[in-house]
Amino acid sequence: MGENKKIILTGDRPTGKLHVGHYVGSLKRRVELQNSGEYDEIYIMIADAQALTDNADNPQKVRDNILEVALDYLSVGIDPAKSNILIQSYVSELTELSFYYMNLVTVSRLQRNPTVKAEIQMRNFETSIPVGFFTYPISQAADITAFEATAVPAGEDQMPMVEQTKEIVHKFNSVYGETLVDPQILLPSNKVCLRLPGIDGKAKMSKSLGNCIYLSEPEAEVKKKIMSMFTDPDHIRIEDPGKLEGNMVFTYLDAFCRQEHFAEYLPEYANLDELKEHYKRGGLGDVKVKKFLNNVVQEELRPIRAKRAEYEKNMDEVYEILKKGSEAAKEKAAVTLSKVKAAMKINYFDGQGIRL
Ligand code: TRP
């Protein structure tokens, strides 16, 4: 077991640029946790091997997005002096751990994983599910346990993965003796951030649905998207009473708006409740609320864009950050792997002699 250290492991698949849903759902929290100084070690993983489980025929896409995701991390404030940013496939120990954990999980348990179920449906895999994809929750358990993570700050969709990890940890420890650390997921405390819908209001923000606002998008593009957001289709004239449910402008204000934004951008209202009341009553137009939201979102994204531009000029540094983070991660995972192998009695040549 670990020495009661507080350790974070989390990550993302490099299948596209990260968007504001990732930001409010997890990235922002990671940076806060990082800067709290409460954690002894932090590992942020670019999960390329997991991305390949359903993109086996498109390795270039995965490779290209490694740098995009790394830039997204750095631009939101993941600080390489405090956090290791690593590339999953470099840490080959993870694959080895997965192989051993596979003995502790049944096919029917994997079939019941709600996130995997939903993904299978979304990708129309049905009977042609790649085995690697089907078993990725096991590899995710390897990711989490290899670093002896106590905390996994992630979005709600990762909850079944952490639950499955906990089951593997308990099973492993009961069969082979206390070895692995039991992790906890850390979800965003703001409810609306659990699953930020896309700008069309239809579903979760997702690249394949084309309803995202990306962290790296230029100001004018973001504004265009905000001005085209889905609101209340029955709110036709300004005087009409408006609905807040399913109204993306208000959903996004719930996610992004802080009290001080009113003094700065909309001083005729004291707070979000007042603004909502006026909208419900009628007499408040969508354009005005959208302009306010645009100011709020741009304020959040401006420093992120600026930081990204800095790093983009310095890609050699990004490369070094990834290399250093991956090497540190590999070292840590190797220690866990040797503990696992010892617990499983497959540590034949570790200097103890070969008394089989
Ligand atoms: N499954 C995560 C995603 O879809 C990526 C990921 C891989 C991850 N390993 C992890 C997240 C471990 C948290 C912990 O983006």
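Between domain 1 and domain 2, four residue pairs are in polar contact, counting pairs with both residues at pLDDT 80 or more. That cut-off is there because this is a predicted model, and side-chain atom pairs count only at pLDDT 80 or more.

On the domain 1 side of this contact, two elements give two or more residues: helix H1, residues 20-36, and helix H3, residues 59-76. H3 has the largest share of that side, with six residues.

Salt bridges next. The rule finds three of them across the interface of domain 1 and domain 2. I will name one pair, Asp72 with Arg308, which form a salt bridge with their closest N and O atoms 2.5 Å apart.

Now the domains themselves. The domain assignment gives domain 1 as 7-195 plus 315-343, and domain 2 as 219-309. So that you can place them on the screen: their C-alpha centres lie 34 Å apart. In terms of contact, 14 residues of domain 1 meet 11 residues of domain 2. How much area do domain 1 and domain 2 bury between them? About 1,000 Å², and 62% of it is on carbon and sulfur atoms. On the domain 1 side, Val20, Ser75 and Val192 supply 44% of the area buried against domain 2, more than any other three residues.

Let me move to Gly16. You will find Gly16 in the loop between strand S1, residues 7-12, and H1. Gly16 is buried, at a relative accessible area of 8%. Leaving out residues up to four places away in sequence, Gly16 touches Asn65, Val69 and Lys207. For a sense of distance, take Gly16 and Ile144: they are 128 residues apart in sequence, and their C-alpha atoms are 22 Å apart in space.

Next, the backbone. Most residues other than glycine have a negative phi. Here are two residues with a positive value. Glu148 has a phi near 55°, and Glu148 is not a glycine. Glu148 sits in the loop between helix H8, residues 136-146, and strand S4, residues 151-153. Lys345 has a phi near 65°, again positive in a residue other than glycine. Lys345 belongs to the segment after helix H15, which runs 315-343.

Is Glu148 buried or exposed? Buried, with a relative accessible area of 7%. Lys345, on the other hand, is exposed, with a relative accessible area of 66%.

Last topic, cysteines. How many disulfides does a search of the whole structure find? Zero. A disulfide here needs two cysteine sulfur atoms within 2.5 Å. Why does Cys212 have no partner for a bond? The closest cysteine sulfur to that of Cys212 is in Cys193, and because the two sulfurs are 16 Å apart, they are too far for a bond. Cys257 also has Cys193 as the residue holding its closest cysteine sulfur, and there the distance is 12 Å, so this pair is too far for a bond as well.

As for their surroundings, Cys212 is buried, with a relative accessible area of 2%. Cys257 is buried too, with a relative accessible area of 17%. The cut-off for buried is under 20% relative accessible area, so the 17% of Cys257 counts as buried.

Note on methods. Residues are numbered from 1 along each chain as its sequence is written. This is a predicted model: local features need pLDDT of at least 70, side-chain atom pairs count only at pLDDT 80 or more; totals for chains, interfaces and linings use all residues. Side-chain values use heavy atoms; hydrogens and water are left out. Buried means under 20% relative accessible area, exposed over 50%, partly exposed in between (1.4 Å probe, protein chains only). Domain bounds come from an automatic or database domain assignment. Contact means heavy atoms within 4.5 Å. Buried area is the accessible area (1.4 Å probe) that two parts lose on being put together, summed over both. A salt bridge is a side-chain nitrogen of Lys or Arg within 4 Å of a carboxyl oxygen of Asp or Glu. A polar contact is a pair of N or O atoms within 3.5 Å; within protein, one must be able to donate a hydrogen and the other to accept it, and residues adjacent in sequence count only if both atoms are side-chain atoms. Helices (H or I, at least four residues) and strands (E, at least two) are DSSP runs, numbered from the N terminus.
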